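Please open the structure in a viewer and keep the selection panel at hand. The tour below proceeds one selection at a time.

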Amino acid sequence: MHIDTVNLSCKCHCKKALNTSVNTDDLCISSLAGCSPRVMAEVQIRRYREEDHEEVKEVFTLGMSEHIPSSCMHVLKQPLAQMFLGCVFCALLTSSKSILLPVLAVTLLLATGRQSVSYMFTKYIQTCLEQDLSHIQQTYLDPANACFWVAESQGRVVGTVSCLPAEKDQNFLELKRMSVKKTHRGQGIAKALCRIVSDFAFERGFQGVLLHTSVVQRDAQKLYEHMGYQKVREFIAPEAIAKLTNFTLMEYQLVLKQHHN
């Protein structure tokens with residue numbers, strides 16, 4: 001079975017987990033539960049087409065940019081950052097005998113920190129847009145064991161996911177570019193995108209699927225764990241600011257032999 005298109009029609013009022021059924025004739029996965037109590041527009045998951053390019057870039061950029069505020073909060077919670085801000089405040093308060101100067105200094109440092117975090121994310125987004133997301137056809141659709149899907153609702157791309165053989169272990173596919181528009185979350189789209197990747201990997205005889213996410217992407221961590229992925233390691237991102245702020249990345253794996261038994 002080759003999965004090309006998935007239709008998700010939701011007209012239920014239930015709050016159950018995602019339930020899918022695969023029809024090997026019409027290549028359709030249906031019966032989406034877990035929706036909010038209102039009628040949802042039909043969502044189709046299909047292979048990427050060239051005309052989707054600008055909307056795919058928009059979904060990815062907006063999804064990554066959402067993590068800037070939570071990343072700033074992560075930095076502020078670090079003992080090193082708190083100690084540094086506290087020392088600057090106390091030193092300036094002692095030397096200036098005024099509350100205004102230390103408050104302004106700390107405010108400036110916080111603004112600088114936010115700009116640094118924003119720069120880190122902007123740089124990552126730009127790198128992705130210039131690399132695989134500028135060459136989706138060549139990277140994900142031309143190779144036999146790679147693919148790129150979009151979730152489409154009312155003619156607009158509202159979600160994306162892709163996969164390709166993992167560099168560190170060719171027995172695994174790597175799930176990448178998972179993103180769902182904020183306006184369409186809570187409808188089971190992300191779960192369906194996860195499942196289409198695991199089914200794709202299983203069809204091609206891969207042992208499993210691996211992926212990477214960050215310490216601030218808590219909703220993503222919960223999603224992957226719900227879908228059967230297990231965290232196998234944590235490591236600090238290579239950027240200098242990431243090392244200073246203890247910005248951790250996590251690797252998750254889904255072993256398909258266990259998953260499909």
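The stops that follow move from the whole chain to a helix, to charged pairs and to a surface patch.

**The whole chain**

Begin with the entire chain selected, bearing in mind that this is a predicted model. Its secondary structure consists of nine helices and 10 strands. Of the 261 residues, 43% count as buried. The chain exposes about 14000 Å², and carbon and sulfur atoms supply 56% of that area. Among contacts between residues at least 6 apart in sequence, 63% join residues at least 24 apart.

**Colouring by confidence**

Next, colour the chain by pLDDT. The mean over the chain is 82, and 80% of the residues reach 70 or more. Which strand has the highest confidence, and which the lowest? Strand S5 (residues 147–153) has the highest, at a mean of 97, while strand S3 (residues 28–30) has the lowest, at 35. Now select residues 9–40, where pLDDT stays under 50 throughout. For this segment the model has 62 contacts beyond four places in sequence.

**Helix H1**

Select residues 53–65, which form helix H1. The helix has 13 residues and reaches 18 Å from its first C-alpha to its last, close to the 18 Å expected at 1.5 Å a residue. Display the side chains of its buried residues: His53, Glu55, Val56, Val59, Phe60, Gly63 and Met64. To see what covers these residues, add the surrounding elements, including helix H2 (67–76), helix H4 (100–130) and helix H5 (136–141). Strands S5, S6 (156–165) and S7 (172–180) are also among the covering elements.

**From H1 to strand S6**

Keep Glu55 in view and add Arg156. Their side chains meet in a salt bridge, with 2.2 Å from N to O. This pair links distant parts of the chain, since Glu55 belongs to helix H1 and Arg156 to strand S6, 101 residues apart. Are the two partners buried or exposed? Glu55 is buried, with a relative accessible area of 16%, whereas Arg156 counts as partly exposed at 42%.

**Further salt bridges**

The structure holds 11 salt bridges. For another of them, select Glu251 and Lys168, whose closest N and O atoms are 3.1 Å apart. Glu251 lies in strand S10 (residues 248–255) and Lys168 in the loop between S6 and S7, so the pair ties together parts that are 83 residues apart in sequence. Glu251 is buried, with a relative accessible area of 0%, while Lys168 counts as exposed at 51%.

Move next to Glu203 and Arg204, whose side chains form a salt bridge of 3.1 Å, N to O. Both are partly exposed: Glu203 has a relative accessibility of 28%, and Arg204 has a relative accessible area of 27%. Then select Arg46, Asp52 and Glu152, which are joined into one network by salt bridges that share partners.

**A nonpolar surface patch**

For the last stop, switch on the molecular surface and select Leu93, Ile99, Leu100, Val103 and Leu104. Together they make a nonpolar surface patch of about 440 Å². Which helix gives the most to this patch? Helix H4 does, with three residues. Finally, centre the view on Ile99, which lies in the loop between helix H3 (79–96) and H4. Ile99 counts as exposed because its relative accessible area is 51%, and the cut-off for exposed is over 50%.

Technical notes:
Residues are numbered from 1 along each chain as its sequence is written. Side-chain values use heavy atoms; hydrogens and water are left out. pLDDT is the predictor's confidence in each residue, from 0 to 100. Helices (H or I, at least four residues) and strands (E, at least two) are DSSP runs, numbered from the N terminus. Contact means heavy atoms within 4.5 Å. The expected span of a helix is 1.5 Å times one less than its number of residues. Buried means under 20% relative accessible area, exposed over 50%, partly exposed in between (1.4 Å probe, protein chains only). A salt bridge is a side-chain nitrogen of Lys or Arg within 4 Å of a carboxyl oxygen of Asp or Glu. Patches are made of residues with over 30% relative accessible area and no salt bridge: like charges are joined within 9 Å, nonpolar side chains (Val, Leu, Ile, Met, Phe, Trp, Tyr) within 5 Å. Accessible areas come from the Shrake-Rupley method with a 1.4 Å probe; for residues, only the protein chains shown count as cover.
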